[in-house]
Amino acid sequence: MEWLRSAACAGEDTELFFPVGSTGPALRDLAAAERVRARCRATPRCPGFALDSGPASGVRGGTGEDEREAPLRRTTDDSRRRNSTP
């Protein structure tokens, strides 16, 4: 995972990516996290890594919690359907 070393977030304060709340300072942190993501060369690999490695909180892989929950929910629902008995 050499690509992680080139990630723009590697040198940032991790608290920036875990805003508390959804107003005021949290919105400023989210905007700052988005600016970090915008300049990141590792972005193409990062979202998949974020989904696979958890946790679900914070800004990870250039995505917010809501953006990651939908694919995770679909994967869980698909798995339940495959494993259910008719």
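**Figure 1. Helices of the predicted model.** The protein chain has three helices and zero strands in this predicted model. Read from the N terminus, its elements follow the order α-α-α. The helices are H1 (25-38) and H2 (46-53), together with H3 (65-83). Of the 86 residues in the protein chain, 24% are buried. Among contacts with a separation of 6 or more, 40% join residues that are 24 or more positions apart. The exposed area of the protein chain is about 6,200 Å², and carbon and sulfur atoms supply 52% of that area.

**Figure 2. The largest pocket.** The space in the largest pocket comes to about 380 Å³. Its lining consists of 17 residues, and those closest to the pocket centre are Cys9, Cys46, Val59, Arg60 and Gly61. Helix H1 (25-38) and helix H2 (46-53) are the elements that each give two or more residues to this lining. By residue class, the lining of the largest pocket contains eleven nonpolar, four polar and two charged residues.

**Figure 3. The second largest pocket.** About 220 Å³ of space is found in the second largest pocket. It is lined by 13 residues, with Pro19, Leu30, Gly58, Gly64 and Glu65 the closest to its centre. Two or more lining residues come from H1, and two or more from helix H3 (65-83). H3 gives the most to this lining, with three residues. The lining of the second largest pocket divides into five nonpolar, five polar and three charged residues.

**Figure 4. Cysteines without a disulfide.** The structure holds zero disulfides. For Cys40, the closest cysteine sulfur is in Cys9, at 5.9 Å. A disulfide requires two cysteine sulfur atoms within 2.5 Å, so the sulfur of Cys40 is too far from that of Cys9 for a bond. Cys46 is likewise in no disulfide, and its nearest cysteine sulfur, also that of Cys9, is 5.8 Å away. Cys40 counts as buried because its relative accessibility is 17%, and buried means under 20%. Cys46 also counts as buried, at 15% relative accessibility. Both Cys9 and Cys46 are among the lining residues closest to the centre of the largest pocket.

**Figure 5. Arg5 and Ala10 in the segment before H1.** Arg5 lies in the segment before H1, as does Ala10. Arg5 has a relative accessibility of 66% and therefore counts as exposed, the cut-off being over 50%. Ala10 passes that cut-off too, at 54% relative accessibility, and so counts as exposed. Not counting residues up to four places away in sequence, Ala10 touches Leu4 and Arg5. The view also includes residues that are distant in sequence from this segment. Arg5 and Ala42 are separated by 37 residues in sequence, and their C-alpha atoms are 8.7 Å apart in space. Between Ala10 and Val36 the separation is 26 residues in sequence, with a C-alpha to C-alpha distance of 9.9 Å.

**Figure 6. Ala38 in helix H1.** Ala38 is found in helix H1, which spans residues 25-38. At 57% relative accessibility, Ala38 counts as exposed. Ala38 and Gly62 are 24 residues apart in sequence, and the distance between their C-alpha atoms is 8.4 Å. Helix H1 itself gives two or more residues to the lining of the largest pocket, and two or more to the lining of the second largest pocket.

Notes: Residues numbered from 1 in each chain as written. Predicted model: local features only at pLDDT ≥ 70, side-chain atom pairs only at ≥ 80, totals over all residues. Heavy atoms only, no water. 1 Å grid on protein atoms, 1.4 Å probe; cavity = no way out; pocket = protein on both sides within 12 Å on 5 of 7 lines; lining within 4 Å. Points joined across faces, edges and corners; volume = space filled by probe spheres on them. Helix = DSSP H or I, 4+ residues; strand = E, 2+ residues; numbered from the N terminus. Nonpolar A, V, L, I, M, F, W, Y, C, P; charged D, E, K, R; others polar. Buried < 20%, exposed > 50% of the residue type's maximum accessible area, 1.4 Å probe, protein only. Contact = heavy atoms within 4.5 Å. Areas by Shrake-Rupley, 256 points an atom, 1.4 Å probe, with all protein chains shown as cover.
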